[in-house]
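Colleague: Could you take a close look at the surface for me? I'm in my first year, so please go step by step.

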Number of protein chains: 2
Amino acid sequence: MLKLSKKAEYALMAAKYMALKNHSGFSTAKEISESYQIPYQLVAKVLQNLVKSDIAVSAKGVNGGFSLARKANNISLIDIIRAVETNFKIVDCMQLNSSSADCEHFDCCKIKDPLAEVQRKIDKVFTETLLVQIL
Amino acid sequence: MLKLSKKAEYALMAAKYMALKNHSGFSTAKEISESYQIPYQLVAKVLQNLVKSDIAVSAKGVNGGFSLARKANNISLIDIIRAVETNFKIVDCMQLNSSSADCEHFDCCKIKDPLAEVQRKIDKVFTETLLVQIL
DNA sequence: ACAAAAAGGACTGATTTAGTCTGACATTAA
DNA sequence: TTAATGTCAGACTAAATCAGTCCTTTTTGT
């Protein structure tokens with residue numbers, strides 16, 4: 001279906017939220033959740049993912065929260081999406097762990113190489129689109 | 001996950017198969033299924049979808065089968081994928097039937113407009129890649 | 001100490017996907 | 001006529017994925 005997951009959507013929204021108010025300190029998961037009507041626990045996890053991927057930084061405790069680790073013009077959509085999506089390939093056999101099972105005794109390879117080029121172009125779209133462009 | 005469905009993969013493979021032997025008459029669903037180790041019933045349905053979308057033509061009866069309706073340089077990947085995929089949008093609210101429910105009281109719209117441009121670029125990749133390029 | 005906040009694991013329920021099976025029907029070459 | 005083939009539709013299962021919730025722990029400012 002070539003659809004982004006909710007997690008990816010929420011990650012983009014959360015990143016946008018933080019970008020818009022970055023200067024004024026931390027944003028809490030609760031704050032983002034309420035502003036955008038996103039389930040709290042989900043956005044909290046997404047934010048944790050962003051921290052793990054060094055897109056955001058976090059501060060625990062009272063007055064803590066999340067903040068972008070970089071400027072919005074230095075964060076691409078692919079950074080954000082990859083932080084929450086495990087798979088970001090149009091076909092399975094392009095995953096890193098495509099050892100053999102899928103592609104070997106199936107003749108998937110008949111289209112693998114040409115699709116790799118398509119994959120490259122899609123990656124390019126998300127790589128070249130920066131967070132600052134969706135503000 | 002931004003992944004193509006198996007149906008889309010099979011449609012591409014089937015189209016490729018037909019393109020490669022187009023001159024030599026019809027290809028049967030059975031033949032394609034066995035050549036590529038694709039479940040027969042699935043590839044049969046996929047082929048029916050291709051016929052419905054005027055990408056392939058079919059002939060019933062003995063010696064019947066399927067054949068491409070156009071030259072491979074006149075069929076884009078998006079034609080093939082759209083023939084089998086119901087949704088081909090990265091977010092739900094870009095679907096034609098995105099009446100209201102999703103996007104209205106959720107603040108999804110915060111990212112809808114910018115993502116529409118991303119969607120356009122992805123469509124472009126699939127529109128501009130022709131079947132002949134994956135042979 | 002307490003409250004606010006992140007961190008993270010376990011779990012459930014819904015949805016989607018892939019695939020199978022069945023059966024009835026239409027067409028056509030031999 | 002008969003066998004091979006396509007057409008069409010529905011029911012069904014099993015597995016995977018997704019979205020969401022719940023609960024507990026850790027950290028930290030006041």
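Modeller: Sure! A patch is built from residues with over 30% relative accessible area and no salt bridge, and nonpolar side chains are joined into one when they lie within 5 Å. Keep in mind that this is a predicted model.

With that in hand, look at A:Leu20, A:Val132 and A:Leu135, which make a nonpolar surface patch of about 240 Å². Take A:Leu135 as the example: you'll find A:Leu135 in the segment after helix H6 (109-128) of chain A. Its relative accessible area is 41%, so A:Leu135 is partly exposed, a label that covers values between 20% and 50%.

Now move to the loop between strand E1 (56-59) and strand E2 (65-68) of chain A, where A:Asn63 sits. Its phi is positive, near 65 degrees, and A:Asn63 isn't a glycine. A:Asn63 has a relative accessible area of 72%, so this residue counts as exposed.

Those two strands, E1 and E2, also lead us to the DNA: along with helix H3 (40-52) of chain A, plus helix H1 (6-20) and H3 of chain B, they each supply at least two residues of the surface near DNA strand C. The most comes from H3(A), which gives four residues. There are 25 residues around the strand, and A:Met1, A:Lys45, A:Ser58, A:Phe66 and B:Lys6 come nearest.

What part of the DNA does the protein meet? Of the strand C atoms within 4 Å of the protein, 69% belong to sugar or phosphate, and the rest to bases. You can see both kinds in single contacts. In the side chain of B:Tyr10, an N or O atom is 2.9 Å from a phosphate oxygen of DNA strand C, while a polar backbone atom of A:Ala29 is 3.1 Å from a phosphate oxygen of that strand. On the base side, a base nitrogen of DNA strand C is 3.5 Å from an N or O atom in the side chain of A:Gln48.

Chain B has a loop worth a look too, between H2 and helix H3 (40-52), and B:Gln37 is in it. B:Gln37 follows H2(B) and has a positive phi, near 60 degrees. With 43% relative accessibility, B:Gln37 is partly exposed.

And what about the buried part of H2(B), residues 29-36? Its buried residues are B:Ala29, B:Ile32, B:Ser33 and B:Tyr36. Looking down the axis of H2(B), you'd see them fall within an arc of 100 degrees, so they line one face of the helix. In general, an α-helix has 3.6 residues a turn, so residues three or four places apart point the same way.

Key:
Residues numbered from 1 in each chain as written. Chains lettered and ligands numbered in written order. Predicted model: local features only at pLDDT ≥ 70, side-chain atom pairs only at ≥ 80, totals over all residues. Heavy atoms only, no water. Patch = residues over 30% accessible without salt bridge, like charges linked within 9 Å, V, L, I, M, F, W, Y side chains within 5 Å. Areas by Shrake-Rupley, 256 points an atom, 1.4 Å probe, with all protein chains shown as cover. Salt bridge = Lys/Arg side-chain N within 4 Å of Asp/Glu carboxyl O. Buried < 20%, exposed > 50% of the residue type's maximum accessible area, 1.4 Å probe, protein only. Arc of directions from axis to C-beta. Near = heavy atom within 4 Å. Polar contact = N/O pair within 3.5 Å; in protein donor to acceptor, adjacent residues only side chain to side chain.
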